[in-house]
Amino acid sequence: MRRLPVRFALLISLCFARAVSAQVTPAAGYTPPDDTPSIKVGVTLYTDYTYQQNPQATDSDGNTINPSSFNVTRSYINITGNLSHIVAFRITPDVVRESGLLNLGAGSSVSNDSLVFRIKYAFAQFNLDDWMTKGSWARFGIQQTPLLDYEENIYRYRFQGTTFTEREGFYNSADAGASFHYNFPSNYGDVHVGVYNGEGYAKTDPNDQKAVELRGTVRPFARNVPILRGIRLTGFYFGDNYIKDAERTRGVAQVTFEHKYINAGYDYIKAHDQPSIRVADVAASGWSWWATPKVPFDNGSSWELLLRYDHLQPNTTVAPDRTRTIAGVAYWFPHQGTVSTALLLDYDGQTFNNFVPAQPRQSKVALHGLISF
């Protein structure tokens, strides 16, 4: 009978040990990655009503008019998903006017100028978080090019019109290729480099030349006082050839600033174009500054101004240059997460200096709408 308390104590100890061991994982504190396949569907929509002030036009009866129209300038259906925590994908169709896919001569038109869908993005992404810093990955397929995708997270007004360097036709927003992205530790910046066809997502590659695109960004004050953390310095290089030994290169230097009450940026570009070795190499240069002062509210909404000025000299050896002035006021509706809804009323004017023959000033007023989720 004296052995009973000992046996009872051993039984209690064994049960307690089993209970404790059942609560301890092989690697205490480790949370395994979520490899559950998932898919999400989102929408991006740009609409506007545009009134053209200058130049005026003439209708079929000879009346002088100011053209105006309701437009759907962009419409995305974003399909994104994860097959595991390593493998992800995105497929995004894009809407465009049929005439926008053709090179129309003077006086030419498309009899049935419909809106058509085409592929804007279609890529596979391999996340490298297990081996590198969080946010590092490799992509293959039709994807965003390095500068534009980065810049539009700071300049939020793509729905008004494209950024300075894209609007002037220096590079494409998306292209087919392979790229690699790496985040520097402690939020000090990132680098994105890729090899692409070079002709953009809307065209096939006509030759054996490939474009190399590289963007590097540093946040020099990432661990400094909050107001300085919003400063980022960026360099971008685009190197391609129209054909063998006929260069097409672009270099961009950029400074941006992000703050609760204002985002701002400055771009400078230098470009070289030589469509054939039998023609001269043309150098172009330009710069742009923009600012979006804002009054934010606790519910996520804000009132903002859009102020922007672009200047481009298409050929640095001759005098002609063109400028663009954009000024507008926007209201961003209350939102949660990555959802965005905004209305923008703006003026967009362009002038052409020293062109032969002379080109008329262009100006328009528009009301733009954005829905993105």
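Where is Arg97 found? Arg97 sits in strand β5, and at a relative accessible area of 40% it is partly exposed. Keep in mind that this is a predicted model. Along the sequence, Arg97 and Val116 are 19 residues apart, yet their C-alpha atoms are 6.3 Å apart in space.

Strand β5, which covers residues 87–97, is also the place of Thr92. Here the picture changes: Thr92 has 0% relative accessibility, so it counts as buried. Its side chain makes a polar contact of 3.1 Å with the side chain of Asn78. Setting aside neighbours within four places in sequence, Thr92 is in contact with several residues, including Tyr76, Ile77, Arg118 and Tyr121.

**The overall picture**

Let's step back. The protein has four helices and 18 strands. Out of its 373 residues, 37% count as buried. Its accessible surface comes to about 20,900 Å², and carbon and sulfur atoms own 60% of that. Take the contacts with a separation of 6 or more: 53% of them are between residues 24 or more positions apart.

Strand β1 (residues 38–54) has two pairings to look at. It runs antiparallel to β4 (residues 68–82), with 14 bridges joining them; one of the pairs is Leu45 with Ser75 in β4. Strand β1 also runs antiparallel to β18 (residues 362–372), this time through ten bridges, and there Asn54 has Ser363 as its bridge partner.

**The nonpolar cores**

In soluble globular proteins, nonpolar side chains tend to be buried together. In this model, the largest nonpolar core holds 27 residues, and Tyr157, Phe159, Phe170 and Trp332 touch the most other members. Among the elements that give two or more residues to this core are helix α2 (146–151) and strands β11 (231–243), β16 (321–332) and β17 (340–353). A second, separate core has five residues, including Tyr76, Phe123, Ala174 and Tyr201.

Trp332 is a good residue to click on. Leaving out neighbours within four places in sequence, its contacts include Tyr157, Phe159, Ser302, Ala342 and Leu370.

**Charged pairs**

How many salt bridges does the count come to? The count is 13, and three of them are listed here.

| Pair | Closest N to O distance |
|---|---|
| Glu166 and Arg158 | 3.4 Å |
| Arg322 and Glu168 | 2.8 Å |
| Asp190 and Arg215 | 2.6 Å |

Start with the last row. Asp190 is in strand β9 (residues 189–196) and Arg215 is in strand β10 (residues 211–218), so the pair links parts of the chain 25 residues apart. Both Asp190 and Arg215 are buried. Salt bridges that share partners also join Glu152, Arg158 and Glu166 into one network.

Within that network, Glu166 is buried, with a relative accessible area of 14%, and Arg158 counts as buried at 9% relative accessibility. As for the middle row, Arg322 lies in strand β16 and Glu168 in the loop between α3 (164–167) and β8 (174–183), so this pair ties together parts that are 154 residues apart in sequence. Glu168 counts as buried at 18% relative accessibility.

**A loop residue to finish**

Is Gln274 buried or exposed? Gln274 is buried, with a relative accessible area of 14%, and its place is in the loop between β13 and β14. The side chain of Gln274 reaches the backbone oxygen of Val279 at 2.9 Å. Beyond neighbours within four places in sequence, Gln274 is in contact with residues including Tyr242, Asp245, Glu247 and Asp281.

Definitions and conventions: Residues numbered from 1 in each chain as written. Predicted model: local features only at pLDDT ≥ 70, side-chain atom pairs only at ≥ 80, totals over all residues. Heavy atoms only, no water. Core = buried A, V, L, I, M, F, W, Y, C linked by side-chain atoms within 4.5 Å. Buried < 20%, exposed > 50% of the residue type's maximum accessible area, 1.4 Å probe, protein only. Contact = heavy atoms within 4.5 Å. Areas by Shrake-Rupley, 256 points an atom, 1.4 Å probe, with all protein chains shown as cover. Pairing = 2+ DSSP bridges. Polar contact = N/O pair within 3.5 Å; in protein donor to acceptor, adjacent residues only side chain to side chain. Salt bridge = Lys/Arg side-chain N within 4 Å of Asp/Glu carboxyl O.
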